[in-house]
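Trainee: Got a minute to go through a model with me? I'd like to start with how some of the helices pack.
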Amino acid sequence: MNLKTFDVHSYRSCQSVKFPLNRDLTGLIGINGSGKTNVLNSIFLLRKISEFRFKYANNRDTEYNTCKIGAVFEHNGISIQLKATIYLEMDERNNDEIISSDFKWKFSNYNSKEWLTIPIEFFSNQFNSSSFHLPVSIRSNIRFSKGSRGSFFEIYKLFHTKEFKKNVQPLLHEVFEFINGINYYSATQFSDPGRCPVSIELEEDRFRRRTHSSSGHEQFIFDLYNSHKQNDKEFIRYFNTIGKVGIGLIDELSFETLPIPSSTYKVRSGGQIKQKNFERQLIVPIFTINGKKLSPNQLSEGTFKTLALLYYLITDKSTLLLIEEPEVCIHHGLLDSIIKLLISQSKHKQIIISTHSDFVLDHLSPENILLVKYLETKGTTVKQLSKSMSSDEYRALKMYLKESGNLGEYAREGGFEYE
Amino acid sequence: MSKRKPRVGIIAEDRSDIECVRALIFRITNDNKIGVDGMAKNGCTMLVRKCGHWAVNLHEKGCNLLIVIHDSDGKDPRAIHNRIELALHACPIVKKIITIPVEEIEAWLLADPNAIKKGINLDKIPKINRNVEQISSPKEFLEDIIDKTSNREKIYINSKHNAMIARNIDIEKIKEKCPSFLPFLKFVQENTVS
Ligand SMILES: Nc1ncnc2c1ncn2[C@@H]1O[C@H](COP(=O)(O)OP(=O)(O)O)[C@@H](O)[C@H]1O
Ligand SMILES: [Mg+2]
């Protein structure tokens, strides 16, 4: 499955944005503030709305920001269209918090003219038409937007029809898996390795988060520790890539674990005291580079970021990966390998990056470039490079690439209007 | 007449190709003290455009041999050869060769499966039952066999792995399987023996 087109309305700087996507590694380019990050975040909304909601807003139309997104997915030649209205708030760190959302779907292999209102809860793994696992409180609270088709029980009936079961249910499952596998990676999550703790603590195998400011770093160390412990194929592939037989960022990776005995007391009514023991572990990550043992906070910024980027690129099971400026803090030799890895991994998952680097641009083909601009009147706009120029201009670009140089150079030399 | 110590300038499409050619020269000569300088820039159009200047620069640095290596990527090798030759019309380095592997330089590396195993530290020797100069995309082919032979535990990164493979390569194997390698081999052998 892959995402074929995407549109978003009334979201941050995106008043009304629509663009197609190719299956190849795709790059968003545009000046600072044009809206690249907002566009990536808006695609990430697909993932956020796929998470179960347990909270249902009343008065949601007035109290919250309302934005709309649309997406077309393709799966084995079948197209699946989604239209969603999303009610959201922004927290103090400018992150989106989804309050609620409505969904409509259209399937090219089923009543292809009709929009079906199917809430996201119906998409999950556990769901099958013979049993509803939804708590009654949610069931009775699912509201359908005006003019939509029928009630909860009509959907229930729909799910029991043979044609729906055969044609649509498997697709719903695929879509759910796909949007749940969308991930967002930004190098800024891992900037300043000095903020990375030298150790992490686990309590009964769970991660005890200590600080908020280093959450990206700490999460990465925790994820890395878990993969290292499991030593599965994904981890081995990651380690081979960063280690000596790969790009050679580190020689060795190990974790020291130390049990910390802990206990608390529970006092019952009547004064009975009971001791409760539990297991805590101190996990100390050690990276060996050129024979030296280093803590993560001693790594260079570029090394730390690359270790994290490649970890998520190679091990995670994303279906669609959104990556902000993979070039940040990385020298050309290493960046070359990273781009090649992005290209090779984009065979397994759809990857969209934003970039300011003409070195990165050199490795992308013009068909896979989306130009992001901010217009006073329209807000952020996104256009395929080929559509942002006249056919003569595009022909001139093709000629340049064939005879004279690379895309990055063409951009730097002012070959296409960036602003 | 005393012969000047050989110092090789390499012009290629990619830094990794330079590392790879450097390693091949060391394998051919059994001498890893030969001076090697290289210049490269992403992609072939850049090479044709820049190689004239680069050749002058390499000459200034003291190179007395020049190797220009360029993939044929499905195009007519004669035409590429002529374009580069034209671009090098004022080349100050007299002893030079323009070498064009069939499709991509990876075809040469595919000639020795054992070197792939050793270079990338695979558990098994990859099976290659093909005429390597007839593989239409040797880079992708190499990517696939590394993926398969390693049971998906290794990802091919040409910028690192090509040189690692070349450092272990058996020159006889390439000689046997890749006619496009022969002029390069001859050039290196004839010009580096002291
Ligand atoms: N929550 C928000 N609501 C409205 N506008 C926003 C919000 N967050 C950022 N913006 C605006 O969107 C514009 C584009 O930002 P951004 O996507 O970060 O640009 P880029 O990533 O291309 O540099 C900025 O001018 C910024 O002021
Ligand atoms: Mg940004």
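Mentor: Sure, and keep in mind that this is a predicted model. Start where Leu46(A), Arg47(A) and Ser50(A) of helix H1(A) touch Phe176(A), Ile179(A) and Asn180(A) of helix H6(A).

Trainee: What's the mix of nonpolar, polar and charged residues in the contact of H1(A) with H6(A)?

Mentor: That contact has three nonpolar residues, two polar and one charged.

Trainee: And at roughly what angle do the axes of H1(A) and H6(A) cross?

Mentor: Roughly 120°, with the axes coming within 8 Å. H1 covers residues 36-50 of chain A, and H6 covers residues 169-180 of that chain.

Trainee: Left-handed or right-handed, the way H1(A) passes H6(A)?

Mentor: The crossing is left-handed.

Trainee: Switching topic: how many disulfides does the structure hold?

Mentor: Zero, over all chains. Take Cys196(A): the nearest cysteine sulfur belongs to Cys329(A), 15 Å away. A disulfide would need the two sulfurs within 2.5 Å.

Trainee: Is Cys196(A) buried or exposed?

Mentor: Buried, because its relative accessibility is 2%.

Trainee: What about Cys178(B), which cysteine sulfur is nearest there?

Mentor: That of Cys20(B), 12 Å away, and Cys178(B) is in no disulfide either. Cys178(B) has 0% relative accessibility, so it counts as buried.

Trainee: While we're on chain B, how is it divided into domains?

Mentor: Domain 1 takes 7-103 + 179-192, and domain 2 takes 106-166.

Trainee: How far apart are the C-alpha centres of those two domains of chain B?

Mentor: They lie 23 Å apart. Domain 1 of chain B puts 16 residues into the contact, and domain 2 of chain B puts in 13.

Key: Residues numbered from 1 in each chain as written. Chains lettered and ligands numbered in written order. Predicted model: local features only at pLDDT ≥ 70, side-chain atom pairs only at ≥ 80, totals over all residues. Heavy atoms only, no water. Axes fitted to C-alpha atoms, helices over the stretch in contact; angles between N-to-C directions. Helix = DSSP H or I, 4+ residues; strand = E, 2+ residues; numbered from the N terminus. Left-handed = near helix turned anticlockwise from the far one by under 90°. Contact = heavy atoms within 4.5 Å. Nonpolar A, V, L, I, M, F, W, Y, C, P; charged D, E, K, R; others polar. Buried < 20%, exposed > 50% of the residue type's maximum accessible area, 1.4 Å probe, protein only. Domains from an automatic or database assignment.
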